[in-house]
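Here is a quick tour of one protein chain, going from a single spot to the helices and back out to a few loops and strands. Have the structure open while you read.

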Amino acid sequence: MIPFATETCHRSRPRTPDAGLRTITLLALATAALTAADTSRGQTVFTTYCAACHGPEGAGLVGPNLTDTVFLHGDKKADIVRVLMNGVGDKGMPAWGAILPPADVDAVADFTVAMIGKNLKSPFAPGESSVTPFPKGSVAFPLLLRTFMPTLGTDAAVFAHHDHGKIIAKYSPDKGGDVKGEQKPIDGVPSAIVVTFGDGLSYCFDTVECRLLYTWSGPFMDMTHYWGAAAGGGRKSFGYVPEVIGPVWWRTSGADPMQVVGATAAKPQFTGYRKVKSVPELQWRVGETKLTLTITPGAKPGEAVCRYTTTGAAKGLVFTLPADSAGQIASDKGTRAGTTLTLSAAEAAQFTLTISPGDKPVIEAPKAKPKDDKKAKPEPVVKE
Ligand code: HEC
């Protein structure tokens, strides 16, 4: 498994302290859980392995726009296959030859060739570098990242299944091995999936607890601590958790609000996600019960429409809604008594919880940042 995506531990070993892009390599690999049976192989490989850097449509993100006609390494299929097989040295383009089977390299090369000349507008203004620690998504093409995330003051009871406080040896990137001492814990959720639909809604889901942690609106995130600054590195070696930008409208609290009635195993098990018309569908199981959750933006900024499906919840579901935010949660099905929401098996098969923003944000915009920091001095790398 990949160090930072460890599903069980709040401490992790940062093996790539200098090159932000190398971290993103891992990030891209971490999206491998994706399945998309309804699209072509090339598209599936692209969405799974390439979109994290080249954008969902290939219009560029931290990797260059592949839909224009400017190709540094050649735009013929043979050139693309060569770049894919070998990667681009230290420029952040991984060598896929060692990772993907030849048939997938071939399929994604065809897919890439087919997008050349589409001239899709990159999410950045002309002349602006597409290399930015400020990733963006939209309602049509929500962006999903697997990354560390700040807890934003979420109380400890929420993280009941996390393997807190395990002692981990200190890793030295200079020495390329473990050295004396212990790894400092990272103050972040290591197993988060974050999705942004643009300014209207972003959310953070924890794949260990299999629950929504918080929602916010605004410009999404500043990844500088984690990816490094656009101009010349500057990734933090500790405390490298990205920063949420914008007001937080809802934050969960307390023990898991959802119980599968009669479930033998209480611990949820995340099984992956797929994209349905670009929108992530999160999947997990609790004992024999399979659950999916698809979150889309509602009418108001920060409003999250959470569509659940369950199979095998023979006795239904009971939600004990978090007392401090129960008023923000409405269900289209089931019986509500105070903070308890009961759904029969039939109701649980498919239901929607709408989480509305409160009168005031739970956290006022934590960080108002300039649009990009390309001209700003990169933060110094903290020496271990
Ligand atoms: C970790 C981020 C990352 C991932 C993941 C990634 N790329 Fe790249 N890619 C880059 C960067 C950065 C460059 C620019 C390299 C350079 O400056 O020469 C690049 C360059 C390329 C180029 C050459 C563009 C040119 O100008 O010639 C192609 C083609 C390409 N990538 C395709 C892909 C495909 C297909 C995948 C998925 C299998 C993929 N990339 C995954 C970061 C990434």
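## Starting at R336

Let's begin with the company R336 keeps. Setting aside residues within four places in sequence, R336 is in contact with S331 and L341. R336 sits in strand β17, which covers residues 335-337. Is R336 buried, exposed or something in between? R336 counts as partly exposed, because it has 14 C-beta neighbours inside 10 Å, and a residue needs 20 or more to be buried. There's also a link to T320: the two residues are 16 apart in sequence, and their C-alpha atoms are 10.0 Å apart in space.

## The chain as a whole

Bear in mind throughout that this is a predicted model. The protein chain has six helices and 19 strands. Of its 384 residues, 41% are buried.

How much of the contact map is long-range? Take the contacts between residues at least 6 apart in sequence: 68% of them join residues at least 24 apart.

## Where α3 meets α4

Now for the helices. Helix α3 spans residues 77-86 and helix α4 spans residues 102-115; their axes come within 9 Å and cross at roughly 130°. The two are therefore oblique to each other. As for handedness, α3 passes α4 in a right-handed crossing. On the α3 side the contact is made by K77, I80, V81, L84 and M85, and on the α4 side by V105, V108, A109, D110, T112 and V113. Sorted by class, that contact has eight nonpolar residues, one polar and two charged.

Which residues of α3 are buried? They are I80, V81 and L84. These buried residues cover an arc of only 100° around the axis, so they lie on the same side of α3. The background is simple: an α-helix has 3.6 residues a turn, so residues three or four places apart point the same way. What the buried residues of α3 pack against is α4.

## α2 comes in at another angle

Helix α2, residues 41-54, also packs on α4, at an angle of about 95° and with the axes 8 Å apart. That makes α2 roughly perpendicular to α4. From α2, the residues involved are R41, G42, Q43, V45, F46 and C50; they meet D104, A107, V108, D110 and F111 in α4. This contact has six nonpolar, two polar and three charged residues.

If you're clicking through α4, stop at V108 and D110. Both are listed in the contact with α3, and both turn up again in the contact with α2.

## Leaving α3

Just after α3, G87 takes a positive phi of about 70°. Further on is A95, in the loop between α3 and α4. A95 touches M85, N86 and G87, not counting residues up to four places away in sequence. So that glycine with the positive phi is one of the residues A95 touches.

The C-alpha atoms of A95 and L84 are separated by 5.8 Å, although the two are eleven residues apart along the chain. L84 is one of the buried residues of α3, whereas A95 counts as partly exposed, with 15 C-beta neighbours inside 10 Å.

## Two positive phi values outside glycine

N119 has a phi near 50°, a positive value in a residue other than glycine. Its place is the loop between α4 and β1 (143-149). N119 is exposed, because just 12 other C-beta atoms lie within 10 Å, and 12 or fewer is the cut-off for that class.

S278 isn't a glycine either, yet its phi is positive at about 75°. S278 is in the loop between β11 (269-276) and β12 (279-286). With 16 other C-beta atoms within 10 Å, S278 is partly exposed.

## A buried serine in β4

Last stop: S191, in strand β4, which runs over residues 189-196. Is S191 buried or exposed? S191 is buried, since 28 other C-beta atoms lie within 10 Å. Its C-alpha atom is separated by 8.0 Å from that of M149, 42 residues apart along the chain.

Methods
Residues are numbered from 1 along each chain as its sequence is written. This is a predicted model: local features need pLDDT of at least 70, side-chain atom pairs count only at pLDDT 80 or more; totals for chains, interfaces and linings use all residues. Axes are lines fitted to C-alpha atoms, for helices over the stretch in contact, and angles run from 0 to 180 degrees between N-to-C directions. Helices (H or I, at least four residues) and strands (E, at least two) are DSSP runs, numbered from the N terminus. Angles under 35 degrees count as roughly parallel, over 145 as roughly antiparallel, 65 to 115 as roughly perpendicular and the rest as oblique. A crossing is left-handed if the near helix is turned anticlockwise from the far one by less than a right angle, and right-handed if clockwise. Two residues are in contact if their C-beta atoms, placed from the backbone, lie within 7 Å. Ala, Val, Leu, Ile, Met, Phe, Trp, Tyr, Cys and Pro count as nonpolar, Asp, Glu, Lys and Arg as charged, and the others, Gly among them, as polar. The arc is that of the directions from the helix axis to the C-beta atoms.
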